[in-house]
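Work through the following exercises with the structure in view. Try each task before reading its solution.

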Amino acid sequence: MKKRQAAVKSPGRRLTVTIIVILILVALGLIWHVVMVRWPDPELDAFREHQYSTRFYDREGVLLHVMPLDDGLRREYYPLEAIPKELVERFISEEDAHFYHHPGVDFLSVIRAWWQNKKAGQVVSGASTITMQLVRMVHPRQEEVGIKTKIREMFRAFSFEAKLSKKEILELYLNNVPFGFQIEGVGSASRSFYGVEPKDLSDEQIDSIVKIPRRPSEYAPKKTYDYKTQCPHFIVQVVSDYKEKNQHIPPEVTLSVDSDLNIKVEKLIQAKLSEYKEARVHNGAAFVINNHTGEIIVWVGNASFDDVEHSGQIDGVLVKNQPGSSMKPFLYALALESGFSPSSVLPDIQMDFGGEGVYVPLNFNNMFNGPVLFRNALASSLNVPAVYLLYNVGMDNYLERLDMLGFESLAGKRDSMGLSLALGAGEVSLYEMVRGFSVFTNDGKLMEDTTCLKTDQKASLRKVYAPDTARIICSILSDKNARSLGFGNAQVFDTDYPCIFKTGTSNQFQNIIALGSTSEFTAGVWMGNYEGETVVRQTGSSIPASVVRQILDELTDTYGALEFLEPELYEKKQLCALSGMKPSSCCPSKINEYVLKNSNEDLTWNTTCTWHHMNNGKVAISYPSEYQHWSNGRNYAGTISGDEADVEIRFPRNKASFVYDPLLPKESQMLHVLAVGGGSSVTSLYLDGTFVGSVQGILEWDIPLERGVHSLMVTAGNSRDVVTYTVQ
């Protein structure tokens, strides 16, 4: 009876033992798995995060550049889904047939390899799995291969399998497998050897790709791909931005730039430089942004990146140059918000600003135009009115507004520029100029920043000018008639779509710049040279302006352009074209100009023209006193007559301070000396004690404007007058 009971209990004990053993094994397996998963492997962590060669595409998906790593290595990354299934299967078949069925080590293959190598007396077969090959990529062998090394690699293979999925292991392996020749991964191998991406490999090419890692020198075909770069200056800037932010560049980046347009613009600049190479114009740059998204559409840093002779790798978009008159719209916009109006009359005459003021020698056309309406002064880019405005609105106010516009280059430069800032004497970049100029077609708002990445998101904007201010500036800079005083009827500005333009020259024509903007895009082009040579004067700013025009033509054909909005608080009324006042019956010429709708606030509009009147049946003009000299042909002679009248220097005033204008050629920097009196005597002028010349009647002389402290003396008979002046 007892024996029967023992027999009955025996199966139960065996089941219990079996369950215990299973539980122990499961527990050991779980412990093993946890240990393998949690076992620290900083090298693997770093490997998974290491840098890959970035592929840069333009906004339409055109490949621009494949960036090598710092050591010249090419290693592109492709997700497993982007690698052809045939290529993946061939690698598994050739390298690790049981990849999906082992825990990192294929023990059957190990036994088979051991037996085959023992029979052959040498190594004829290996047993490394794909996982173990990945282990050696992450942990390169540092010592002679022995049993300890093999065991260590097996242990790490188990750990990899516990930490990573099969998909992750395979993806890491295929993107890092070495092919020799500074090439890693199937992506770079496909491009380097066959000039295609993995998805475009043929069956024959796949067969070749799979074999190369075994013996690259034997199986690798001759490399055929030429890693050329489009938009090189832009790519350099993008890479620099990532590094400045201490960010890894993703393996694939879609940029905002239009490569086709970049190529066209580069060729346009090259053509212009070739046409004017005798004028010492060797370098050119172009920059274009989308006004709504802030996307950078064109970035041409130089005519040719490879032009070593003319410093082709210097990026003209970022180089700081004096922009000349292209800065004036920012000043005029501030003036509109500081008490001036579109109907204001500005003086374009030889003048200083107070007893110890600043002198502006000449306009671009070497002439003075007397009283000029606000609109014509800006559109024709006259110099004296610009300095007059800056003198009145204040240097600090203007610099503060320029800071709001993003002109970081001018920070802390107040004392070195003075009122010459009105003429664009400060050095700024083309990038800053284009971004700032977009404020006018953006209704007075400035985009917080531009972006090098393709996006459909609106840029963040902040207010710099009132909307009406921006709209009036757009009206002026798109007015073909208003610019005729300074530029004639230049066809380059005559577009069949709404567009504003502004040009500038500086540093004795070393820099010539043009800006243009529609409702959709803002473009800028700079030309000149980096050698500091003076550009021959025949090459005016119409040269870069023609490139800006062609850029905007191209973009407008594709994207269109909207009409500029009318200012809301203003309306157009008829004004006297000379005085800017309400016209009288005597005013021979009238124009339509913006005045405040509440005209009681517009003092000029509320006053009927006092300049025009009838004299003996003819219209006569009585200019205000400040224009008398200009209107009389600069002739003070005769206002004081007789032998007894003392000679007197009327201009310059005693202790006057003048600025030598670095934006104009030296030969045009002349000081016009005016004197009165002396009666019928011959009047002589002496500069610093040296005789200049004698005249009789009209007492005028032109002398060079040279830096330093100088004295002038005029003598007529027994009469003389002396003044001193300073040129800074």
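Helices (H or I, at least four residues) and strands (E, at least two) are DSSP runs, numbered from the N terminus. The model is predicted: local features need pLDDT of at least 70, side-chain atom pairs count only at pLDDT 80 or more, and totals for chains, interfaces and linings use all residues. Residues are numbered from 1 along each chain as its sequence is written, and side-chain values use heavy atoms, with hydrogens and water left out.

**Exercise 1. Locate Asn 246 and state whether it is buried or exposed.**

Step 1. Asn 246 sits in the loop between helix H11 (232-244) and strand E6 (252-254).

Step 2. Buried means under 20% relative accessible area, exposed over 50%, and partly exposed in between (1.4 Å probe, protein chains only). With a relative accessible area of 73%, Asn 246 is exposed.

Step 3. Look at the backbone. Most residues other than glycine have a negative phi. Phi of Asn 246, however, is near 55°, a positive value.

**Exercise 2. Repeat the analysis for Ser 381.**

Step 1. The loop that holds Ser 381 runs between helix H14 (374-379) and helix H15 (383-393).

Step 2. Ser 381 is not a glycine, yet its phi is positive, about 60°.

Step 3. The relative accessible area of Ser 381 is 7%, so this residue is buried.

**Exercise 3. Describe the pairing of strands E1 and E2.**

Step 1. Two strands pair if DSSP finds at least two bridges between them. Strand E1 (residues 55-57) and strand E2 (residues 63-66) are joined by three bridges and run antiparallel.

Step 2. Within this pair, Arg 55 is opposite Val 66 in E2.

Step 3. The two strands, E1 and E2, make a hairpin with five residues between them. In the turn, Gly 61 has a positive phi of about 90°.

**Exercise 4. Which strands stand at the edges of the sheet E3-E5-E4, and why is one side of each without a neighbour?**

Step 1. The sheet is open, has three strands in the order E3-E5-E4, and its pairing is mixed.

Step 2. Strand E3 (74-75) and strand E4 (178-180) are at the edges; each has a single partner strand, so one side of each has no neighbour in the sheet.

Step 3. Between E3 and strand E5 (residues 183-184) there are two bridges, in the parallel sense. Arg 75 stands opposite Glu 184 in E5.

**Exercise 5. Work out the order and pairing of the sheet that contains E24.**

Step 1. The order is E22-E24-E27, in an open sheet of three strands with antiparallel pairing.

Step 2. Strand E22 (648-651) and strand E27 (700-704) are the edge strands, as each pairs on one side only.

Step 3. From one strand to the next, the twist averages 35°. Axes here are lines fitted to C-alpha atoms, for helices over the stretch in contact, and angles run from 0 to 180 degrees between N-to-C directions.

Step 4. Strand E24 (residues 670-676) is joined to E27 by five bridges. Leu 671 is opposite Ile 703 in E27.

**Exercise 6. Why is Cys 499 not bonded to Cys 474?**

Step 1. A disulfide is a pair of cysteine sulfur atoms within 2.5 Å. The structure holds zero disulfides.

Step 2. The closest cysteine sulfur to that of Cys 499 is in Cys 474, 9.7 Å away, and therefore too far for a bond.

Step 3. Check the surroundings. Cys 474 is buried at 2% relative accessibility, and Cys 499 is buried at 4%.

**Exercise 7. Explain why helix H13 is described as largely enclosed.**

Step 1. Helix H13 covers residues 328-336, and nine of its nine residues are buried, so the rest of the structure largely encloses this helix.

Step 2. The buried residues of H13 include Lys 328, Phe 330 and Tyr 332.

**Exercise 8. Decide how far the model can be read in detail.**

Step 1. pLDDT is the predictor's confidence in each residue, from 0 to 100. The chain averages a pLDDT of 85, and 84% of the residues score at least 70.

Step 2. Residues 634-644 have a pLDDT below 50. Where pLDDT is low, the predicted coordinates should not be read in detail.

Key. Contact = heavy atoms within 4.5 Å.
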